[in-house]
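Student: I am new to this structure. Could you show me how its descriptive words are earned?

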Amino acid sequence: MRLQITHETVYDYSPAVETAQHMVYLTPLHSATQQLLSHHLLVSPQPARISIMPDVFGNSRSFFSLQVMHRQLRVVGISEVLTQACPLPESELSWERAREAFRYRAAAPFDAANEFVFASPMVPRQSDFAVYARPSFAPGRGLLASAIDLMHRINAEFTYESQSTEVNTPAIQALAQRTGVCQDFAHIFVACLRSLGLAARYVSGYLLTESAPGTIKLKGSDASHAWASVYLPDLPAGQRWVHLDPTNDRAGWCGPGEDYVLLATGRDFSDVSPMRGVIHGGASHTLTVGVTVEPVLPTSASAAPSPDRHQGQSQSQGQYQSQSQSQSQSQSQSQSQSQP
């Protein structure tokens with residue numbers, strides 16, 4: 001499926017910001033199963049510099065600085081991607097054997113998935129998560145079957161409710177109240193797996209805004225979205241992460257479906273916060289965020305964005321996302337995060 005994503009973030013500051021430096025995760029992943037056709041990052045006022053480089057997890061992140069006084073910051077990402085549906089793989093590996101793959105053994109080869117077994121800032125390893133996960137992980141049961149069952153249970157037993165949590169709500173609190181949004185469900189799913197010694201990672205991305213005719217609109221499709229992926233050591237190298245979305249109860253090998261766009265992966269949301277930075281000035285602000293994901297018709301040409309009031313940086317592979325919450329004070333550190 002060929003999709004175009006437009007994500008706009010606008011900050012209005014009072015008083016004006018004097019100088020600023022920002023880091024954004026707005027470029028979608030490019031892989032064998034998701035092709036990034038184009039990406040444009042537009043920033044107003046014009047940055048002194050925009051640079052793009054990969055992070056430790058292989059995501060693309062952009063940096064820019066503003067050395068001019070400004071009362072408004074506008075960041076727009078426009079990307080076009082080609083996605084595909086990937087059915088679930090076949091795997092009978094038990095979850096206990098998968099867990100053993102991550103136990104320390106002298107001279108054992110390093111597996112990068114090891115770093116997704118340990119606790120992270122927003123995903124602690126606590127006994128409550130293990131207790132909740134256990135009914136899905138019967139002795140000898142396959143890891144994939146167990147993870148899918150856990151996904152089904154979270155989808156059935158938790159209530160999706162916008163604004164029921166904040167971007168920094170602890171996962172343990174969302175588990176207790178059985179209410180939250182995409183970010184919470186992804187964090188709970190990841191925490192449950194890690195509490196059992198298994199590797200799981202957080203995935204940020206997008207969903208097609210409008211559902212296909214005759215189908216139900218998916219939750220979280222009007223903003224950025226989040227889900228999780230689990231690592232299966234018995235699958236071919238490079239194909240061991242299987243994606244599961246507890247919010248919409250969907251799963252797939254390279255993604256939960258072709259109507260999903262993969263933006264970035266990390267240990268939790270804090271690794272892939274769409275926008276963060278340091279500003280001087282701007283004691284208060286208002287924030288406006290808009291996201292649209294729509295199919296590109298085969299007969300239509302993708303139009304490049306007009307650069308008239310923005311500084312544009314274009315890549316042959318890319319996308320964008322922007323986000324929500326920051327705290328701004330004089331000489332303050334700010335982080336913009338959007339809750340999926």
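Tutor: Gladly, and we start with a definition: buried means under 20% relative accessible area, exposed over 50%, and partly exposed in between, with a 1.4 Å probe and protein chains only. This is a predicted model, so local features need pLDDT of at least 70, side-chain atom pairs count only at pLDDT 80 or more, and totals for chains, interfaces and linings use all residues. Residues are numbered from 1 along each chain as its sequence is written, and side-chain values use heavy atoms, with hydrogens and water left out.

Student: Why does Glu18 count as partly exposed?

Tutor: Glu18 has a relative accessibility of 36%, which lies between the two cut-offs, so partly exposed is the right word. Glu18 is found in strand β1; a strand here is a DSSP run of E with at least two residues, a helix is a run of H or I with at least four, and both are numbered from the N terminus.

Student: What does Glu18 touch, not counting residues up to four places away in sequence?

Tutor: Leu66, Gln67, Val68, Met69 and His280. Contact means heavy atoms within 4.5 Å. Glu18 and Arg71 are 53 residues apart in sequence, with 8.9 Å between their C-alpha atoms.

Student: Why does Leu297 count as exposed?

Tutor: Its relative accessibility is 54%, and exposed means over 50%, so Leu297 qualifies. Leu297 lies in the loop between β14 (284–295) and β15 (311–315). From Leu297 to Arg2 the distance is 7.8 Å, C-alpha to C-alpha, although 295 residues separate them in sequence.

Student: Why is strand β2 described as largely enclosed by the rest of the structure?

Tutor: Because eight of the 11 residues of β2 (residues 34–44) are buried. Strand β5 is mostly covered too, with 11 of its 14 residues buried.

Student: How do you know that β2 and β5 pair?

Tutor: Two strands pair if DSSP finds at least two bridges between them. β2 and β5 (residues 70–83) have 10 bridges in the antiparallel sense, so they meet the rule. Among the partners, Gln35 stands opposite Leu82, and His40 stands opposite Ile78. β5 also pairs with β1 (residues 2–27) in the antiparallel sense, over 12 bridges, and there Thr6 has Ile78 as its bridge partner.

Student: What makes an empty space a cavity or a pocket?

Tutor: On a 1 Å grid over the protein atoms alone, a cavity is a set of points where a 1.4 Å probe fits but cannot get out, while a pocket is an open set with protein on both sides within 12 Å along at least five of seven lines; lining residues have an atom within 4 Å of a point. Grid points are joined across faces, edges and corners, and a volume is the space filled by probe spheres set on the points. By this rule there are two cavities of 30 Å³ or more, and the largest has a volume of about 50 Å³. Its lining includes Thr33, Gln34 and Cys254.

Student: What volume does the largest pocket have, and which residues lie nearest its centre?

Tutor: The volume is about 630 Å³. Of the 23 residues that line this pocket, Ser31, Arg201, Gly238, Gln239 and Trp241 lie nearest the centre. β10 (241–245) and β12 (260–266) each supply at least two lining residues.
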